[in-house]
Each structure stands twice: as structure tokens, then as C-alpha cells.
Amino acid sequence: MKKWKKSKKMTVAFGGILVMSVVIGGCGGREDAKKSIKIGISVYDQYDTFVSEMMKDFNDYATKKEEETGVAINIDTYNASASQSTQNSQVENMITEGCDVICVNLVDRTDPTAIIDLAEKNNIPVIFFNRELVEEDLERWTRLYYVGAQAFESGIMQGELAAEAFLTDQSLDKNGDGIFQYVVLEGEAGHQDAIVRTEYSVSTMIDSGVEVEKLGYAIANWNRAQAQTKMAQLMSQFGDSIELVIANNDDMALGAIDALKASGLTKDEWPAVIGIDGTDVGLEAVKNKEMIGTVYNDKEGQADAMLNLAYELSTGSDLSDLNLIDGKYIRLPYARVTCDDVDSYMEGDTE
């Protein structure tokens, strides 16, 4: 995992707000926009592994941008702690303090109204990232943007990984019936990415000629500890009938692995486990052959794209070089990762 530059400073403010700064100073006090800009960020949960890694990349790219341009980039990052009302208040605070642009990792993708209204009223552009809001909401104002990836692509790739593994490794069909019996560890109930990832993963396996049978599922809220508990419950219910664990992200896949380790089963007796995101710990699990694969969500590319968009918006520059889709979207592609190519995705090798 990348280290922060020594100039990075991190302090904890009242109200559970995490503040990370590239350059010391508040949102206000900016005398020359060409010499100093301010970016405010609110993340839905600072303990989400993918989001945490993306934010570290964002700060690293900001430091590089400072060196390239001579423009001081001040960044305050707030933790919404999974509360939409807290996030709304944080955005209001960033606007009050005079931030040039605000980046929001929505707690509730269906409820961005308060944030959009505040931003439009004060003419502050907003970049939503990672947790995609409804298209109609993004179209409500011209200065709203989204940086992320297409959820269905990750589901397709996850399904391809599962199908290829089943078709090439007979040991995964533990009962020899020619059917891939699976369980699902899902993210938040009703969350678009969770629904889409699961749907496309399963349909892709079927389209690839694999007969499947769903044994059960559990909501684990993207969380490793919750996934371990839910996987233990699924194992208690279905025992060694489980041949595949489809997890909507790497943290939940790792939680399933934690449960498998605690069960006393040998690795040869484990079901196949597949995640999504390509976090540092997820890639390590693929390298160790604890997961048969993951789908790499380009956190470096997203962090770089979001930093460049925020910089251009803050300095009033032309956005034409950013290749915005429909003037609103920046999407980075996913990539399939197995033990055969995992080294190229691990620390320092993707840039």
C-alpha cells in the first residue's frame, strides 16, 4: 500500500469527522485561485477498504499535481459514518468554508437531493464517485459529475471467472452432479451495485454453459466481519454442499475465507471464492490461492481522474481534454485477475 508524503497531515475533529490535508489550512482564506484551491470530500465509510485505498491514491496524486503545477491543493476528507444526514451536514460545512469543488461518495445513492440543492444554490460543482446516483438526479444540474465504473461489467467478469474455473477444474464440482451450487454474500439490501453484480455474475455463468443452483444468500453490507458471521451461518445450513461463494466485494470474500479457516476445513475442501475490487488484501488472497480470482476495480485510475476533474473545475479550466461521457461521466474499466496475472496488479505495478 502506498505511503503518504510527509507533507500529508491527518487530524480528527469533533463529531467523528476525519480531516486529511495535503497542505495545512482551512477551506477559506484563499486569495488567489491560481495559487491555491480547496477540495472537500465526504466518504460514506472511512473503514471501507476500497474507498480508503482510493483516498490514499487521491492524496498522492494531489501531491504530484502540486509539484507539476505549482498550485497548492488543500484537501479535507470527512467520514459520513454511513449516515446520509451527517453527509448532508458535511457538504453544507464544506460550502460554508468556501471549497471550490466537493467530491461525494454517497451514503444513500437514492437520496442526493439535499446535496444537489445545496451545491446548485451556491454554484459549487459536485463530483460523485464510486457509489453511483440515479441518472435522473445527475441530470438535475449542469455542474454534477460522476467518476466510477459500470457495475454490470464487474458482474460479467466475476461470472466469467467462476465459469472458467468450473469448466476447467473438475475438483470444484465436489458432488459430481455437473451443477455449480453457490451462495451469495451481498452488499447493502437494495443497493444497485450489489443487485447488478449478483445478477450479471449468475447470468454470465449460465450463458457460459454452466448449470447453477442457488443454495442461499446473506446481506453482509460490504463488511468483512459481517461476512464471516453470515458465511458461518450458511455453512451451518448447507454444509459441504456449497461449491462457490460469490461475494459482491473483496472484503466479503475475505470474510468468507475467515469463516472457512475457522471451520477447520482443509483448503482442498473449500468452495471456490470470488470477489470484486482488487483491494490490496484481496489481491494477496488471490496470490495465495485462497480466492480463485477477483475483478479489479481501478482505484488508481478513478482517483487520478477525479483529482484531474476536481482540479480543472477548481481552476476554471477547459474540461474537453478529460473525455467526459455525455459531459457528466468518467468511467474506468474493470479487469479480471487470477493467480496467473495477480502480480501485475499488486503494489506499484498498475501505474
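Which residue is the bridge partner of Val 147 in E13? The legends below come to that pair in the second view. The model is predicted.

**Figure 1. Overview of the predicted model.** The secondary structure of the protein comes to ten helices and 14 strands. Of its 351 residues, 55% count as buried. Contacts between residues 24 or more positions apart make up 72% of those with a separation of 6 or more. Zero disulfides are present.

**Figure 2. Strand E13 pairs with strand E7.** The partner of Val 147 is Ile 330 in E13. Strand E7 covers residues 144-148, and three bridges join E7 to E13. The two strands run parallel. E7 is mostly covered, with five of its five residues buried. Leu 144, Tyr 146 and Gly 148 point one way from E7. Tyr 145 and Val 147 point the other way.

**Figure 3. The open sheet of six strands.** The strand order is E4-E3-E5-E6-E7-E13, and the pairing is parallel. Strand E4 (72-79) and strand E13 (329-331) stand at the edges. Each has a single partner strand, so one side of each is left without a neighbour in the sheet. Neighbouring strands of this sheet are turned by 20 degrees against each other on average, direction ignored. Within the sheet, strand E6 (residues 126-129) pairs with E7 in the parallel sense over four bridges. Ile 127 stands opposite Tyr 145 in E7.

**Figure 4. Helix H2 lies across three strands.** Helix H2 spans residues 84-96. The strands beneath this legend's title are E3 (36-43), E4 and E5 (101-104). H2 runs at about 175 degrees to E3.

**Figure 5. Ile 127 in the largest nonpolar core.** This core has 68 residues. Ile 39 and Ile 127 touch the most other members. Helix H10 (residues 299-315) supplies the largest share of the core, eight residues. Residues up to four places away in sequence are not counted in the contacts of Ile 127. Ile 127 touches Val 101, Ile 102, Cys 103 and Val 104. Tyr 145 and Val 147 also touch Ile 127. Further contacts of Ile 127 are Met 306, Leu 309, Ala 310 and Leu 313. In soluble globular proteins, nonpolar side chains tend to be buried together.

**Figure 6. Strand E8 and its two parallel pairings.** Strand E8 (residues 179-186) is mostly covered, and eight of its eight residues are buried. Ile 179, Gln 181, Val 183 and Leu 185 point one way from E8. Phe 180, Tyr 182, Val 184 and Glu 186 point the other way. Eight bridges join E8 to strand E9 (residues 211-219), and these strands run parallel. The partner of Glu 186 in E9 is Ile 219. E8 also pairs with strand E10 (residues 244-247) in the parallel sense, over four bridges. Val 184 has Ile 246 as its bridge partner in E10.

**Figure 7. The crossover from E8 to E9.** E8, helix H6 and E9 make a β-α-β unit. Helix H6 spans residues 192-207. The unit is right-handed.

**Figure 8. Thr 279 in a loop.** Thr 279 lies in the loop between strand E11 (272-274) and helix H9 (280-287). Is Thr 279 buried or exposed? Its relative accessibility is 2%, so Thr 279 counts as buried, the cut-off being under 20%. Neighbours within four places in sequence are left aside in the contacts of Thr 279. Thr 279 is in contact with Thr 49, Phe 50, Glu 53 and Asp 250.

**Figure 9. Two cysteines.** Cys 99 has 2% relative accessibility and therefore counts as buried. Cys 339 has 36% relative accessibility and therefore counts as partly exposed. The structure holds zero disulfides.

Technical notes:
Residues are numbered from 1 along each chain as its sequence is written. This is a predicted model: local features need pLDDT of at least 70, side-chain atom pairs count only at pLDDT 80 or more; totals for chains, interfaces and linings use all residues. Side-chain values use heavy atoms; hydrogens and water are left out. Buried means under 20% relative accessible area, exposed over 50%, partly exposed in between (1.4 Å probe, protein chains only). Two strands pair if DSSP finds at least two bridges between them. A crossover is right-handed if, with the strands pointing away from the viewer, the path from the first strand over the helix to the second runs clockwise. A disulfide is a pair of cysteine sulfur atoms within 2.5 Å. A nonpolar core is a set of buried Ala, Val, Leu, Ile, Met, Phe, Trp, Tyr and Cys residues joined through side-chain atoms within 4.5 Å. Contact means heavy atoms within 4.5 Å. Axes are lines fitted to C-alpha atoms, for helices over the stretch in contact, and angles run from 0 to 180 degrees between N-to-C directions.
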